[in-house]
Amino acid sequence: MAKFSPRAGSSSSYAATSAAHRAPPLAKGTPGVQIVARAVAGYPLFPVPWYLRLFVQVALPLPMPRTFTYAVPPELRAAARPGARVLVPFANKEKIGWIDRIAETPDKPGRVKPVSAVLDAHPSVTPTILKLSRWIADYYLAPLGQVLRTALPAGLTDSSTDYVSLIREPAGEELSPLEMKLMAWLADTTGPQAVLRLRRELGDHGWWPVIRRMEERGFVRVETEGPRIEHAVKTRRVFRIVQELPTLLAREEAFGRAKRQREAYETLESLGGRAEAAHLTAGLGFAPEIFRQLIKKGFVASEDEVVSRDPYAQMDVAEAPRLNPTDAQAGVIRELVKASRTKEPGTFLLRGVTGSGKTLVYIELLREVVERQGKTAIVLVPEIALTPQTVGRFKAVFGDRVAVLHSALSEGERYDEWRSLRAGEKQIVVGARSAIFAPLTNLGAVIVDEEHEGSYKQGEAPRYHAREVAVVRATLEGAVCLLGSATPSLESWVNAKSGKYALLELPDRVGGQPMPPIKVVDLRAERKRVKKTTGPLQEPAPVILSDVLVDAVRERIKRAEQTILLLNRRGYATFVQCRECGQVWHCPQCNVSLTFHRRRARLTCHYCLHEEAAPKICSACGSDDLSFKGVGTEQVERAVEEAFPAARIARMDVDTTAGKWAHHTILTRVERGEVDILLGTQMIAKGLDFPNVTLVGVINADTGINLPDFRATERTFQLLTQVAGRAGRGPKGGEVFIQTALPSHYAVAAAMEHDFVGFAEREIETRREPAYPPFSRLVNVVVSGTEEDATQEAAVAAADWVSGLLTARKVRDVALVGPAPCPIDRIRGRWRWHFILRSPSAKTLGKVARYFFEKYSVGGGGKADLRIAIDRDPVALL
C-alpha cells in the first residue's frame, strides 16, 4: 500500500545525473517568433569555474512545488531574462520552461545542466504577469510552471510528447487487467499512439508503470517527440512592386512583347503596389509563371505576410448607440473616472439591479481609460455564451481595438489575439477567466462582470479564482478594478460593507422600468392535481408546465412576444429505474446515475462522459417495465413542442452549443425575433438583453437548493434573480413565474421581492455557526485513488499528519474538519475522500496549507495511484 510521507529534497536545485542532453535540430523560423540562440549540442557542463557562470531558476509545467537550477552558457546570457522561455533537458527529455529568477551562484554545489536554448527574443511572460503568477502559485498552492502554462497560449508551452506502439501481441503470457486493457487498446489502433490519448480514452489509471513493464517485456515501444518550440502563425503570400517603371518607354523596354507580364505589373500597380498572390492568380486569372518572371527580372518581390486569425472579424457590428446616462449612472461614472486618475484607484463593487445599465458604466469607464488616458483594459465575462453579445457591444464603440480570449477559440486564434495584445495593436480584451492573463501594458481598468459566478473559479490546477486574481492584478498595476453584479457574492458584499471595497449602486432600471412581478406556482398542489387525473395504478406524469404558465406563454405567442424558460438540468430524464426490481443505471466510473438523452437514445454520465445505449429491458431481472424519471431540458423542449406546436423554439444547453459559434447563432436568432421560446440551463439566465422578452418561467427552482454544499442556497437565489431579470427590459414590461415545491424558502421569497440585501443578511447569519465564508477561509484537500480502501487510509493519514502539525505548532485558529468521503465519492474511476481546513485568518491558513503542500506527498506511487488536490477558497465542496 502506498503511504503518505513528507516530501524529501525540497530544495529548488536540480542535480544532473547524466551527460549533457543532445537536443534535436531546430525547426525553420516562422514570422513573429524568433529563436534567439542555442547552446551547442553536447555543451560541457562546466567549461569555466562556477563563479564565472550565470545560473537561472526555471519553472517547468510539472506538478512539483519547486523550480530547477540550470546554468546559462555564455552565448545565451544576453537573452536569458526573467519571463523568457527556455528549452532545458529534464529526465532524458527536453521541456519548455520559463526563467523565474537569475542567480550568480547555484543553490547547491554540484553539477548543473546547461540551458539548451532561449526561445524568446522578448520574454513571453511580462514582468507583471510573472509577478502575478508568483502570487497565484503562492496563494493557491500551485507550481509556478503550471501557472505560467495557464497564462500563455498552448503553442508556447508545449513539452515532449510520448508515444507508445505495439511491437508484438502476448501469446499466452500472464497479464494484469490493466496490461490486458492496454494491449487490447493498442491492437485496435494503428501506429504509435500518444499516451495523452490513452489517458483520455481509457481513463487516467496511472499508465506509466504499466507501459514501462510492457516495454521491458518487449510488448511495446515508447518514443518521444521533441517539443514544438515555435508557434505556427498563419501567413499569406503577397506580391509587391520593388522597381518603379514611371514612363511608357521604361515599360516598353522592360516588357517588350510580354504583354501579359505588363498587364500583371500594371494590375498590381493599380492595387497600390501590393496584393495577395491568391487574388492575382486565382481571382484575376494571372498564371503563377507570370509573377515568377516578374520576380526573376527584379520588378516584383514575393513575401509571406502574417495574417491575424481574428475570430470576430466577420461579426456584424451595429453602430455605436447614443449613450445618455441616468443620474445614478452618471454618479457612478464620476466616481470611477475620479478613481482611475489616482495612483491607487482601489476596488469597487457595483451592485446594479438587472436592467440598470451596468454595461453603459463599463463602456464609459473604458472611454476614460483607453481613449482619454491612453491605457488598456480587461473585461471578464463568466460564460462563453455571453462573449459574442458583449464583444458586439464593445466593438460597436471601440472597433478593432477589442481582442477576444476564451477557451472556445482555436489554438491559432488564441495565439494571434495574444500576439496582437502583446504588440500593443489592441487595447481592450474581452474574455472568460483566462483573459485576466492578457499581456497588456499600462493597464488602466479591470472589469469583472457577473462577479458572483462560480465559473470564474478554475476547476483544475492551478485552482485560481479570476475575480480575486483581477483584484490583485489591478493593485499591482495601479488600475481601477470594478466588480459588477445584481447579486454579488457574499464575500464581495461583506468586503464592500466593511470598506475594503468601495460600494456603488444602481437601484433602478434604465428608463424607470419597474422590476417584473414574480409569481410562485406551488408544485405540490400541481402534482396533487395531476395525480387526481390519473388512475390509481398509473404513475403520474411529471409537472413540467403548470396551467398558469401555459396560459402565460400562449398569451405571449399571440402578442408576438418572447419567452424564456429555465431548467438547470440537461438531458431528457435524470435517471432510469426498473419498476420491477428497482435497479437504477449508474456510471461504471462515477457514483452517479446516468442521464437519459432521448434524441440520441443514450445514457450519459455528465462527469466522465461515459455513454451507453439506452436500455430496453432490465439487466438485473429482465423486466421491460422501465421508468424514466426526473426532468431535463430535452424533456421540457418536448413538452413545449406539444403544448405550442406552432411556436418557434430554441434550446440552449451544453448539448446544443457544442459547435464553435452555436451560442452566437442561437442568440442572434432570438435577437432577430426568429424564436418565440428560448429554453435552457443557467447559460440563458444572465447577461442577455432582449427587450421583446416579456415572460420568464422557471420550470423547477428546487434543482440545486438542497445540494450538500454551503453555497447551494446562495446560488439558487442568484440564479432565480438573474433569470427573472431577463424579463421586462423593454417598454412592454414583463412577468415571471417560478415553479417550486418550496414556496416558503427564504431564497424563493427574497427572489420574489428582488431583495438582495434581505437575502444577504439572512444567508450571512446561517454562515456564522459553523463558520463558513465570509466568516472563515477554507482549504479543501481532496485525496483520490483507484482503490477505495487505500484512498480512505491515505486521507486519514494525511489528516492525522495535519492534526499533528497543528498540535505541534500550537496553531489554535485553524480547525480540521474530516476526513470523510466526498459527496460524490467516485469520479472517473477514482475514489475521493476529503478534509477541510478552516480558519478566520487567511494568513495563518495559508501558512499551514503551504507547509502541507511543500512537505507532504504520496510515497512510492503504488497500485492505488494516490493523488492530492488542494483547493483554496473553494466555490463548491462536491
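Reader: Hi! Where is Pro462 found?

Author: Hi! In this predicted model, Pro462 is found in the loop between strand S18 (443–449) and helix H14 (466–477).

Reader: And what kind of peptide bond joins Ala461 and Pro462?

Author: A cis one, with omega at about 0 degrees. Most peptide bonds are trans, and most residues other than glycine have a negative phi. The bond from Pro773 to Pro774 is also cis, with omega near 15 degrees. Pro774 is found in the loop between H22 and strand S32 (777–785).

Reader: You brought up phi. Which residue that is not a glycine has a positive phi?

Author: Leu141 is one of them, with a phi of about 55 degrees. Leu141 sits in the loop between helix H1 (127–139) and helix H2 (144–151). Asn442 has a positive phi too, of about 55 degrees, and is not a glycine either. The loop between S17 and S18 holds Asn442.

Reader: Is Leu141 buried or exposed?

Author: Buried, because its relative accessible area is 5%, and buried means under 20%. Asn442 counts as partly exposed, at 43% relative accessibility.

Reader: Cool. New topic: how far apart are the end C-alpha atoms of helix H13?

Author: They are 16 Å apart. H13 covers residues 411–422, and at 1.5 Å a residue its 12 residues should span 16 Å, so the two values agree.

Reader: How many of the residues of H13 are buried?

Author: 9 of the 12, so H13 is largely enclosed by the rest of the structure. Among the buried ones are Tyr415, Trp418 and Leu421, and charged-looking names don't rule it out: Glu413, Arg414, Asp416 and Glu417 are buried as well.

Reader: What do those buried residues of H13 pack against?

Author: Two strands: S16 (402–405) and S17 (428–431). After H13 comes Gly424, which has a positive phi near 80 degrees.

Reader: Which residue with a positive phi follows H7?

Author: Gly272, with phi near 95 degrees. Helix H7 runs over residues 259–270, and its end C-alpha atoms are 16 Å apart, which agrees with the 16 Å expected for 12 residues. The buried residues of H7 are Gln261, Arg262, Ala264, Tyr265, Thr267 and Leu268.

Reader: What does Phe291 touch?

Author: Ala264 from H7 is one of its contacts. Leaving out residues up to four places away in sequence, Phe291 also touches Phe239, Leu280, Thr281 and Phe286. Phe291 lies in helix H9 (residues 288–296) and counts as buried, at 0% relative accessibility.

Reader: Let's do helix packing. At what angle do H15 and H22 pack?

Author: At about 100 degrees, with their axes 11 Å apart. The two helices are therefore roughly perpendicular to each other. H15 spans residues 490–498 and H22 spans residues 756–766.

Reader: Which residues of H15 and H22 meet?

Author: From H15, Leu490, Trp493 and Val494. They meet Phe756, Val757, Ala760, Glu763 and Ile764 in H22.

Reader: Where is Arg711, and what does it touch?

Author: Arg711 is in the loop between strand S30 (693–698) and helix H20 (712–724). Setting aside residues up to four places away in sequence, Arg711 touches Glu491, Arg767, Pro773, Pro874 and Val875. Pro773 came up earlier, in the cis bond to Pro774.

Reader: How far is the backbone oxygen of Val875 from the side chain of Arg711?

Author: That oxygen lies 3.2 Å from a polar atom of the Arg711 side chain. Arg711 counts as buried, with 10% relative accessibility.

Reader: And Thr791, buried or exposed?

Author: Buried, with a relative accessible area of 0%. Thr791 is in helix H23, and a polar atom of its side chain lies 2.7 Å from the backbone oxygen of Glu787. Beyond four places in sequence, Thr791 touches residues including Trp831, Arg832, Trp833 and Leu866.

Reader: Last one: how confident is the model? What is the mean pLDDT?

Author: The mean pLDDT of the protein chain is 83, and 86% of its residues reach 70 or more. Over residues 1–48, though, pLDDT stays under 50.

Terms used
Residues are numbered from 1 along each chain as its sequence is written. Side-chain values use heavy atoms; hydrogens and water are left out. pLDDT is the predictor's confidence in each residue, from 0 to 100. Contact means heavy atoms within 4.5 Å. Helices (H or I, at least four residues) and strands (E, at least two) are DSSP runs, numbered from the N terminus. Buried means under 20% relative accessible area, exposed over 50%, partly exposed in between (1.4 Å probe, protein chains only). A polar contact is a pair of N or O atoms within 3.5 Å; within protein, one must be able to donate a hydrogen and the other to accept it, and residues adjacent in sequence count only if both atoms are side-chain atoms. The expected span of a helix is 1.5 Å times one less than its number of residues. Axes are lines fitted to C-alpha atoms, for helices over the stretch in contact, and angles run from 0 to 180 degrees between N-to-C directions. Angles under 35 degrees count as roughly parallel, over 145 as roughly antiparallel, 65 to 115 as roughly perpendicular and the rest as oblique.
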